[in-house]
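Colleague: I am new to this structure and would like a close look at a single part of it. Please take me through that part slowly, once it is in front of us.

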Amino acid sequence: MPSRRSLTALSIGTISVALFAASGSVPGEAPETDRPSVRSDAKPATAPRAPTATPEQDETRPDTAIGAYLHYGPAGVQRAKRLSRWLGGTELTVGHTYLPGDLWSNIEGRPEFLRPWAEWRRGAPERMFVLNVPMLEGNENRVSDRQVRSLLRSGAQGAFNSHYRQLAENLVDLGVPDTVIVLGWEMNGITYTHRCGPDPAAWKEYWRGIVATMRSVPGQKFRFDFAPNRGPDAVPWTDCYPGDDVVDIIGMDSYDQPPGSSFDDQVRGPYGLQHQVDFAAAHGKPISYPEWGLFRNGDNPEYMRRMLDWMAQHKPLYQTITDYCPHGVWQCDENPQSSEVFRKALSAKPAPVPPDPTPDPPNPTPVPPKPTVPAWPEPNPDGWCVPWKVDEWTARWVPGLRTCTSPFWSAYFK
(Lines give C-alpha, C1' and ligand atoms only; values in the text may rest on other atoms or scores of the structure.)
Protein backbone atom coordinates (compact mmCIF):
# COMPACT_ATOMS: atom_id res chain seq x y z
CA MET A 1 0.00 0.00 0.00
CA PRO A 2 1.52 3.36 -0.97
CA SER A 3 2.45 5.47 1.99
CA ARG A 4 0.05 8.29 1.14
CA ARG A 5 -2.84 5.88 1.68
CA SER A 6 -2.07 5.35 5.36
CA LEU A 7 -5.05 5.86 7.62
CA THR A 8 -4.94 8.75 10.02
CA ALA A 9 -4.98 7.88 13.71
CA LEU A 10 -8.11 9.14 15.36
CA SER A 11 -9.26 9.76 18.90
CA ILE A 12 -11.96 7.69 20.55
CA GLY A 13 -15.33 8.23 18.94
CA THR A 14 -13.87 9.65 15.73
CA ILE A 15 -14.70 7.87 12.55
CA SER A 16 -11.94 6.95 10.12
CA VAL A 17 -13.01 4.67 7.33
CA ALA A 18 -12.83 4.30 3.62
CA LEU A 19 -15.66 3.49 1.28
CA PHE A 20 -14.62 0.98 -1.34
CA ALA A 21 -10.88 1.05 -0.35
CA ALA A 22 -8.41 2.44 2.15
CA SER A 23 -7.19 5.97 1.91
CA GLY A 24 -4.19 7.75 3.36
CA SER A 25 -5.29 11.34 3.09
CA VAL A 26 -9.02 11.59 3.47
CA PRO A 27 -10.57 13.52 0.59
CA GLY A 28 -12.72 16.48 1.47
CA GLU A 29 -16.35 16.71 0.69
CA ALA A 30 -16.99 17.09 -2.99
CA PRO A 31 -19.71 19.22 -4.55
CA GLU A 32 -22.85 17.39 -5.49
CA THR A 33 -21.95 16.84 -9.11
CA ASP A 34 -21.65 13.65 -11.13
CA ARG A 35 -17.88 14.02 -11.15
CA PRO A 36 -16.20 15.68 -8.16
CA SER A 37 -12.56 16.64 -8.25
CA VAL A 38 -10.41 15.46 -5.27
CA ARG A 39 -6.47 15.74 -5.03
CA SER A 40 -6.21 11.36 -0.91
CA ASP A 41 -7.30 -14.49 25.79
CA ALA A 42 -7.06 -18.47 25.61
CA LYS A 43 -7.36 -19.61 22.07
CA PRO A 44 -10.84 -21.07 21.49
CA ALA A 45 -11.42 -24.35 19.78
CA THR A 46 -11.50 -24.00 16.02
CA ALA A 47 -15.04 -23.43 14.80
CA PRO A 48 -16.38 -25.17 11.68
CA ARG A 49 -14.97 -23.74 8.51
CA ALA A 50 -17.16 -21.38 6.55
CA PRO A 51 -18.17 -22.46 3.02
CA THR A 52 -15.54 -21.73 0.40
CA ALA A 53 -16.21 -21.21 -3.26
CA THR A 54 -14.70 -23.82 -5.58
CA PRO A 55 -13.44 -23.25 -9.11
CA GLU A 56 -16.57 -24.94 -10.43
CA GLN A 57 -18.72 -22.44 -8.54
CA ASP A 58 -16.61 -19.63 -9.93
CA GLU A 59 -17.50 -20.63 -13.48
CA THR A 60 -21.20 -20.15 -12.80
CA ARG A 61 -20.81 -17.10 -10.57
CA PRO A 62 -22.25 -13.83 -11.85
CA ASP A 63 -19.97 -11.10 -13.10
CA THR A 64 -17.42 -9.58 -10.74
CA ALA A 65 -18.92 -7.31 -8.09
CA ILE A 66 -17.63 -3.75 -8.53
CA GLY A 67 -16.96 -0.93 -6.10
CA ALA A 68 -14.61 2.02 -5.68
CA TYR A 69 -13.02 4.01 -2.91
CA LEU A 70 -14.77 7.37 -2.94
CA HIS A 71 -14.88 8.77 0.58
CA TYR A 72 -14.98 7.53 4.11
CA GLY A 73 -18.29 7.50 5.94
CA PRO A 74 -21.80 8.12 4.66
CA ALA A 75 -20.60 10.61 2.04
CA GLY A 76 -19.09 7.70 0.17
CA VAL A 77 -22.49 6.12 -0.28
CA GLN A 78 -23.80 9.30 -1.87
CA ARG A 79 -20.80 9.57 -4.16
CA ALA A 80 -21.31 5.97 -5.22
CA LYS A 81 -24.67 6.99 -6.62
CA ARG A 82 -23.06 9.70 -8.70
CA LEU A 83 -20.30 7.41 -9.90
CA SER A 84 -22.99 4.98 -10.98
CA ARG A 85 -24.59 7.74 -13.07
CA TRP A 86 -21.20 8.56 -14.59
CA LEU A 87 -20.94 4.89 -15.58
CA GLY A 88 -24.26 5.04 -17.36
CA GLY A 89 -26.21 3.31 -14.60
CA THR A 90 -23.75 0.54 -13.72
CA GLU A 91 -24.57 -0.43 -10.13
CA LEU A 92 -21.77 -0.47 -7.58
CA THR A 93 -22.44 -3.56 -5.50
CA VAL A 94 -19.40 -3.48 -3.19
CA GLY A 95 -19.09 -1.25 -0.15
CA HIS A 96 -15.48 -1.32 1.05
CA THR A 97 -14.26 0.37 4.19
CA TYR A 98 -11.45 0.09 6.72
CA LEU A 99 -11.55 -0.04 10.50
CA PRO A 100 -9.14 2.50 11.93
CA GLY A 101 -6.15 0.80 13.48
CA ASP A 102 -5.29 3.38 16.12
CA LEU A 103 -7.05 1.84 19.15
CA TRP A 104 -8.48 -1.55 20.04
CA SER A 105 -11.81 0.16 20.76
CA ASN A 106 -12.00 1.16 17.09
CA ILE A 107 -10.81 -2.22 15.80
CA GLU A 108 -13.76 -3.72 17.68
CA GLY A 109 -15.99 -1.87 15.22
CA ARG A 110 -18.01 0.82 16.92
CA PRO A 111 -21.68 0.45 15.96
CA GLU A 112 -21.96 4.13 15.06
CA PHE A 113 -19.06 3.64 12.67
CA LEU A 114 -20.41 0.49 11.03
CA ARG A 115 -24.10 1.41 10.94
CA PRO A 116 -24.12 3.42 7.66
CA TRP A 117 -22.43 0.57 5.85
CA ALA A 118 -24.73 -2.00 7.40
CA GLU A 119 -27.76 -0.01 6.26
CA TRP A 120 -26.33 0.23 2.74
CA ARG A 121 -25.60 -3.51 2.64
CA ARG A 122 -29.10 -4.42 3.78
CA GLY A 123 -30.55 -2.24 1.03
CA ALA A 124 -30.20 -4.92 -1.66
CA PRO A 125 -29.50 -8.67 -1.48
CA GLU A 126 -26.79 -8.59 -4.15
CA ARG A 127 -24.63 -6.11 -2.27
CA MET A 128 -21.36 -7.09 -0.58
CA PHE A 129 -19.79 -5.40 2.43
CA VAL A 130 -16.00 -5.66 2.52
CA LEU A 131 -14.26 -4.61 5.73
CA ASN A 132 -10.50 -4.33 6.17
CA VAL A 133 -9.59 -5.24 9.76
CA PRO A 134 -6.21 -4.46 11.37
CA MET A 135 -4.59 -7.17 13.48
CA LEU A 136 -2.88 -4.82 15.95
CA GLU A 137 -3.58 -1.39 17.40
CA GLY A 138 -1.17 1.40 16.58
CA ASN A 139 -1.14 -0.14 13.13
CA GLU A 140 0.67 2.79 11.50
CA ASN A 141 2.97 3.79 14.36
CA ARG A 142 6.23 2.66 12.73
CA VAL A 143 6.75 -0.03 15.36
CA SER A 144 10.11 -1.83 15.28
CA ASP A 145 10.43 -5.42 14.10
CA ARG A 146 11.37 -6.47 17.63
CA GLN A 147 8.15 -4.97 19.02
CA VAL A 148 6.08 -6.43 16.20
CA ARG A 149 7.54 -9.87 16.87
CA SER A 150 6.57 -9.62 20.53
CA LEU A 151 3.04 -8.48 19.69
CA LEU A 152 2.52 -11.22 17.12
CA ARG A 153 3.58 -13.86 19.65
CA SER A 154 1.15 -12.44 22.22
CA GLY A 155 -1.57 -12.53 19.57
CA ALA A 156 -0.76 -16.12 18.70
CA GLN A 157 -1.36 -16.97 22.37
CA GLY A 158 -4.84 -15.40 22.22
CA ALA A 159 -4.07 -12.14 24.03
CA PHE A 160 -6.24 -10.03 21.71
CA ASN A 161 -9.01 -12.42 20.69
CA SER A 162 -11.66 -10.69 22.82
CA HIS A 163 -11.51 -7.65 20.54
CA TYR A 164 -12.38 -9.75 17.52
CA ARG A 165 -15.21 -11.49 19.33
CA GLN A 166 -16.66 -8.04 19.99
CA LEU A 167 -16.24 -7.08 16.34
CA ALA A 168 -18.02 -10.22 15.17
CA GLU A 169 -20.89 -9.66 17.61
CA ASN A 170 -21.28 -6.06 16.43
CA LEU A 171 -21.42 -7.09 12.78
CA VAL A 172 -24.00 -9.80 13.46
CA ASP A 173 -26.12 -7.45 15.59
CA LEU A 174 -26.08 -4.86 12.79
CA GLY A 175 -27.40 -7.36 10.27
CA VAL A 176 -24.22 -7.88 8.25
CA PRO A 177 -23.14 -11.40 9.30
CA ASP A 178 -21.89 -12.12 5.75
CA THR A 179 -19.23 -9.40 5.76
CA VAL A 180 -16.04 -10.12 3.83
CA ILE A 181 -13.16 -9.57 6.30
CA VAL A 182 -9.86 -8.47 4.73
CA LEU A 183 -7.75 -9.31 7.75
CA GLY A 184 -4.21 -8.00 8.15
CA TRP A 185 -3.95 -6.78 4.54
CA GLU A 186 -0.58 -6.20 2.85
CA MET A 187 1.09 -8.32 5.52
CA ASN A 188 4.09 -8.98 3.26
CA GLY A 189 5.08 -5.31 3.29
CA ILE A 190 6.63 -2.99 5.87
CA THR A 191 3.94 -0.33 6.26
CA TYR A 192 1.81 -1.81 9.02
CA THR A 193 2.37 -3.04 12.56
CA HIS A 194 0.40 -6.15 11.62
CA ARG A 195 3.09 -7.15 9.11
CA CYS A 196 4.14 -10.77 8.82
CA GLY A 197 7.88 -10.46 8.21
CA PRO A 198 9.23 -10.27 11.79
CA ASP A 199 7.69 -13.68 12.67
CA PRO A 200 5.67 -15.46 9.94
CA ALA A 201 4.92 -18.49 12.14
CA ALA A 202 3.45 -16.35 14.93
CA TRP A 203 1.58 -14.24 12.37
CA LYS A 204 -0.12 -17.27 10.87
CA GLU A 205 -1.06 -18.67 14.27
CA TYR A 206 -2.46 -15.29 15.28
CA TRP A 207 -4.57 -15.11 12.09
CA ARG A 208 -5.96 -18.57 12.79
CA GLY A 209 -6.93 -17.54 16.33
CA ILE A 210 -8.77 -14.43 15.09
CA VAL A 211 -10.71 -16.39 12.49
CA ALA A 212 -11.65 -19.09 14.98
CA THR A 213 -12.83 -16.44 17.44
CA MET A 214 -15.01 -14.63 14.91
CA ARG A 215 -16.48 -17.84 13.53
CA SER A 216 -17.47 -18.92 17.04
CA VAL A 217 -20.07 -16.11 17.23
CA PRO A 218 -23.60 -17.42 16.55
CA GLY A 219 -25.16 -16.24 13.32
CA GLN A 220 -21.93 -15.34 11.53
CA LYS A 221 -21.32 -16.12 7.86
CA PHE A 222 -18.03 -14.28 7.46
CA ARG A 223 -15.60 -14.84 4.62
CA PHE A 224 -11.92 -14.08 5.20
CA ASP A 225 -9.82 -12.53 2.44
CA PHE A 226 -6.03 -13.00 2.51
CA ALA A 227 -4.80 -9.96 0.54
CA PRO A 228 -1.05 -9.31 0.22
CA ASN A 229 0.72 -6.76 -1.93
CA ARG A 230 1.58 -7.98 -5.40
CA GLY A 231 5.20 -9.08 -5.65
CA PRO A 232 7.67 -10.33 -3.05
CA ASP A 233 7.81 -7.00 -1.13
CA ALA A 234 9.56 -7.54 2.22
CA VAL A 235 8.76 -11.27 2.35
CA PRO A 236 7.08 -13.64 -0.12
CA TRP A 237 3.38 -13.55 0.64
CA THR A 238 3.16 -17.33 0.42
CA ASP A 239 5.30 -17.47 3.60
CA CYS A 240 2.40 -15.79 5.43
CA TYR A 241 -0.45 -17.98 4.15
CA PRO A 242 -2.24 -19.32 7.26
CA GLY A 243 -4.03 -22.32 5.71
CA ASP A 244 -7.02 -23.21 3.57
CA ASP A 245 -9.29 -23.84 6.55
CA VAL A 246 -9.06 -20.19 7.67
CA VAL A 247 -9.00 -18.46 4.27
CA ASP A 248 -11.93 -18.10 1.89
CA ILE A 249 -10.57 -15.69 -0.74
CA ILE A 250 -7.07 -15.05 -2.14
CA GLY A 251 -6.94 -11.31 -2.70
CA MET A 252 -4.19 -9.00 -3.92
CA ASP A 253 -3.54 -5.26 -3.81
CA SER A 254 -2.04 -4.41 -7.18
CA TYR A 255 -1.09 -0.89 -8.31
CA ASP A 256 0.71 0.22 -11.46
CA GLN A 257 4.25 0.16 -10.07
CA PRO A 258 7.24 0.16 -9.98
CA PRO A 259 8.13 2.94 -12.43
CA GLY A 260 8.75 1.66 -15.93
CA SER A 261 7.18 -1.73 -15.34
CA SER A 262 4.90 -3.20 -17.97
CA PHE A 263 1.69 -5.05 -17.25
CA ASP A 264 3.38 -8.23 -18.42
CA ASP A 265 5.96 -7.68 -15.66
CA GLN A 266 3.14 -7.42 -13.14
CA VAL A 267 1.63 -10.67 -14.42
CA ARG A 268 4.78 -12.78 -14.74
CA GLY A 269 6.94 -11.28 -11.99
CA PRO A 270 7.67 -13.18 -8.77
CA TYR A 271 4.55 -13.49 -6.64
CA GLY A 272 2.64 -11.50 -9.25
CA LEU A 273 -0.83 -11.69 -10.73
CA GLN A 274 -0.33 -15.06 -12.42
CA HIS A 275 1.06 -16.54 -9.20
CA GLN A 276 -2.03 -15.33 -7.36
CA VAL A 277 -4.39 -16.92 -9.89
CA ASP A 278 -2.47 -20.21 -9.92
CA PHE A 279 -2.18 -20.31 -6.12
CA ALA A 280 -5.89 -19.65 -5.68
CA ALA A 281 -6.83 -22.35 -8.19
CA ALA A 282 -4.53 -24.86 -6.49
CA HIS A 283 -6.20 -24.10 -3.15
CA GLY A 284 -9.76 -23.98 -4.48
CA LYS A 285 -10.32 -20.29 -3.69
CA PRO A 286 -11.79 -17.35 -5.62
CA ILE A 287 -9.60 -14.29 -6.08
CA SER A 288 -10.23 -10.60 -5.40
CA TYR A 289 -8.64 -7.19 -5.91
CA PRO A 290 -9.51 -5.07 -2.85
CA GLU A 291 -7.14 -2.29 -4.00
CA TRP A 292 -5.82 -1.46 -7.44
CA GLY A 293 -5.23 1.56 -9.62
CA LEU A 294 -2.71 3.84 -11.27
CA PHE A 295 0.42 4.92 -9.43
CA ARG A 296 4.06 5.21 -10.44
CA ASN A 297 3.55 5.39 -14.21
CA GLY A 298 1.10 8.27 -14.41
CA ASP A 299 -1.93 8.28 -16.66
CA ASN A 300 -1.42 4.83 -18.16
CA PRO A 301 -4.39 3.72 -20.30
CA GLU A 302 -2.52 0.55 -21.29
CA TYR A 303 -2.34 -0.55 -17.63
CA MET A 304 -5.99 0.33 -17.13
CA ARG A 305 -7.05 -1.61 -20.21
CA ARG A 306 -4.92 -4.65 -19.39
CA MET A 307 -5.98 -4.76 -15.72
CA LEU A 308 -9.65 -4.61 -16.68
CA ASP A 309 -9.09 -7.32 -19.30
CA TRP A 310 -7.27 -9.44 -16.70
CA MET A 311 -10.22 -9.20 -14.32
CA ALA A 312 -12.69 -9.91 -17.10
CA GLN A 313 -10.73 -13.05 -17.91
CA HIS A 314 -10.13 -14.33 -14.37
CA LYS A 315 -13.39 -13.17 -12.77
CA PRO A 316 -12.47 -12.12 -9.24
CA LEU A 317 -15.22 -12.27 -6.64
CA TYR A 318 -14.99 -8.48 -6.34
CA GLN A 319 -12.77 -5.55 -7.26
CA THR A 320 -12.60 -2.04 -5.83
CA ILE A 321 -10.43 0.57 -7.49
CA THR A 322 -8.83 3.21 -5.27
CA ASP A 323 -10.44 6.35 -6.67
CA TYR A 324 -8.41 9.37 -5.66
CA CYS A 325 -5.22 10.86 -7.05
CA PRO A 326 -2.89 9.48 -8.19
CA HIS A 327 -4.71 6.15 -8.43
CA GLY A 328 -8.22 7.01 -9.54
CA VAL A 329 -10.29 7.72 -12.63
CA TRP A 330 -13.39 9.60 -11.47
CA GLN A 331 -12.43 11.78 -8.52
CA CYS A 332 -8.97 12.36 -9.99
CA ASP A 333 -8.70 14.57 -13.07
CA GLU A 334 -5.00 13.77 -13.60
CA ASN A 335 -5.73 10.58 -15.57
CA PRO A 336 -8.09 11.48 -18.42
CA GLN A 337 -7.00 8.72 -20.81
CA SER A 338 -7.25 5.97 -18.21
CA SER A 339 -10.55 7.46 -17.06
CA GLU A 340 -11.98 7.08 -20.54
CA VAL A 341 -10.84 3.45 -20.74
CA PHE A 342 -12.40 2.67 -17.34
CA ARG A 343 -15.65 4.41 -18.16
CA LYS A 344 -16.03 2.75 -21.54
CA ALA A 345 -15.28 -0.72 -20.15
CA LEU A 346 -17.61 -0.55 -17.14
CA SER A 347 -20.46 1.62 -18.37
CA ALA A 348 -23.83 -0.08 -18.50
CA LYS A 349 -24.69 -1.38 -21.95
CA PRO A 350 -28.04 -0.19 -23.33
CA ALA A 351 -30.70 -2.88 -23.34
CA PRO A 352 -31.56 -4.18 -26.83
CA VAL A 353 -34.76 -2.78 -28.31
CA PRO A 354 -37.35 -5.60 -28.57
CA PRO A 355 -39.15 -6.05 -31.89
CA ASP A 356 -42.56 -4.42 -32.27
CA PRO A 357 -45.07 -7.03 -31.09
CA THR A 358 -47.95 -5.38 -33.04
CA PRO A 359 -49.17 -7.82 -35.75
CA ASP A 360 -49.29 -6.76 -39.35
CA PRO A 361 -52.65 -5.13 -40.24
CA PRO A 362 -55.06 -7.10 -42.46
CA ASN A 363 -54.95 -6.45 -46.18
CA PRO A 364 -57.01 -3.31 -46.92
CA THR A 365 -60.03 -3.42 -49.27
CA PRO A 366 -58.84 -2.18 -52.67
CA VAL A 367 -60.29 1.13 -53.78
CA PRO A 368 -60.82 1.57 -57.55
CA PRO A 369 -58.94 4.54 -58.96
CA LYS A 370 -60.85 7.61 -60.02
CA PRO A 371 -60.57 8.66 -63.67
CA THR A 372 -58.28 11.52 -64.34
CA VAL A 373 -59.91 14.57 -65.90
CA PRO A 374 -57.48 16.51 -68.06
CA ALA A 375 -57.16 20.12 -67.07
CA TRP A 376 -57.45 23.00 -69.46
CA PRO A 377 -54.08 24.38 -70.34
CA GLU A 378 -53.18 27.69 -68.83
CA PRO A 379 -53.31 30.40 -71.48
CA ASN A 380 -50.13 32.03 -72.60
CA PRO A 381 -49.92 35.66 -71.48
CA ASP A 382 -49.65 36.60 -75.13
CA GLY A 383 -52.50 34.37 -76.22
CA TRP A 384 -52.07 31.21 -78.22
CA CYS A 385 -48.88 31.45 -80.18
CA VAL A 386 -47.27 29.25 -82.82
CA PRO A 387 -43.60 29.78 -83.76
CA TRP A 388 -42.68 30.02 -87.44
CA LYS A 389 -40.01 27.91 -89.03
CA VAL A 390 -37.99 30.23 -91.17
CA ASP A 391 -34.69 30.10 -92.99
CA GLU A 392 -31.44 31.19 -91.37
CA TRP A 393 -31.31 34.60 -93.14
CA THR A 394 -34.86 35.54 -92.05
CA ALA A 395 -34.27 34.33 -88.44
CA ARG A 396 -31.24 36.63 -88.22
CA TRP A 397 -33.32 39.74 -89.09
CA VAL A 398 -36.67 38.71 -87.46
CA PRO A 399 -35.79 36.52 -84.45
CA GLY A 400 -38.55 34.67 -82.51
CA LEU A 401 -41.06 35.10 -85.31
CA ARG A 402 -44.41 33.63 -84.33
CA THR A 403 -48.14 34.01 -84.91
CA CYS A 404 -50.44 34.43 -81.89
CA THR A 405 -54.19 34.52 -81.46
CA SER A 406 -56.69 34.33 -78.62
CA PRO A 407 -59.31 31.55 -78.55
CA PHE A 408 -62.84 32.72 -78.77
CA TRP A 409 -63.74 31.65 -75.18
CA SER A 410 -60.95 33.64 -73.51
CA ALA A 411 -63.14 36.69 -73.47
CA TYR A 412 -65.55 34.98 -71.04
CA PHE A 413 -62.90 34.10 -68.40
CA LYS A 414 -61.18 37.41 -67.93
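Colleague: Does glutamate 302 count as buried, partly exposed or exposed, and what is its relative accessibility?

Modeller: Please keep in mind that this is a predicted model. Glutamate 302 counts as partly exposed, because its relative accessibility is 39%, and partly exposed covers values between the 20% limit for buried and the 50% limit for exposed. Its salt-bridge partner is arginine 305, and the closest N and O atoms of the two are 3.3 Å apart. Arginine 305 also counts as partly exposed, at 38% relative accessibility. Both residues belong to helix α10, which runs through residues 301-314, and because they are three residues apart there, about one helical turn separates them. Side chains of opposite charge can pair when their charged atoms come close. The pair does not stand alone, for Glu302 and Arg305 are linked with Asp264 and Arg306 in a network of salt bridges.

To set this part in its surroundings, a search of the whole structure finds nine salt bridges. One of them joins aspartate 248 to arginine 215, with the closest N and O atoms 3.1 Å apart. Here aspartate 248 sits in the loop between β5 (223-226) and β6 (249-255), while arginine 215 lies in helix α7, so this pair ties together parts that are 33 residues apart in sequence. Aspartate 248 and arginine 215 are both buried, whereas glutamate 302, where we began, counts as partly exposed.

Methods:
Residues are numbered from 1 along each chain as its sequence is written. This is a predicted model: local features need pLDDT of at least 70, side-chain atom pairs count only at pLDDT 80 or more; totals for chains, interfaces and linings use all residues. Side-chain values use heavy atoms; hydrogens and water are left out. A salt bridge is a side-chain nitrogen of Lys or Arg within 4 Å of a carboxyl oxygen of Asp or Glu. Helices (H or I, at least four residues) and strands (E, at least two) are DSSP runs, numbered from the N terminus. Buried means under 20% relative accessible area, exposed over 50%, partly exposed in between (1.4 Å probe, protein chains only).
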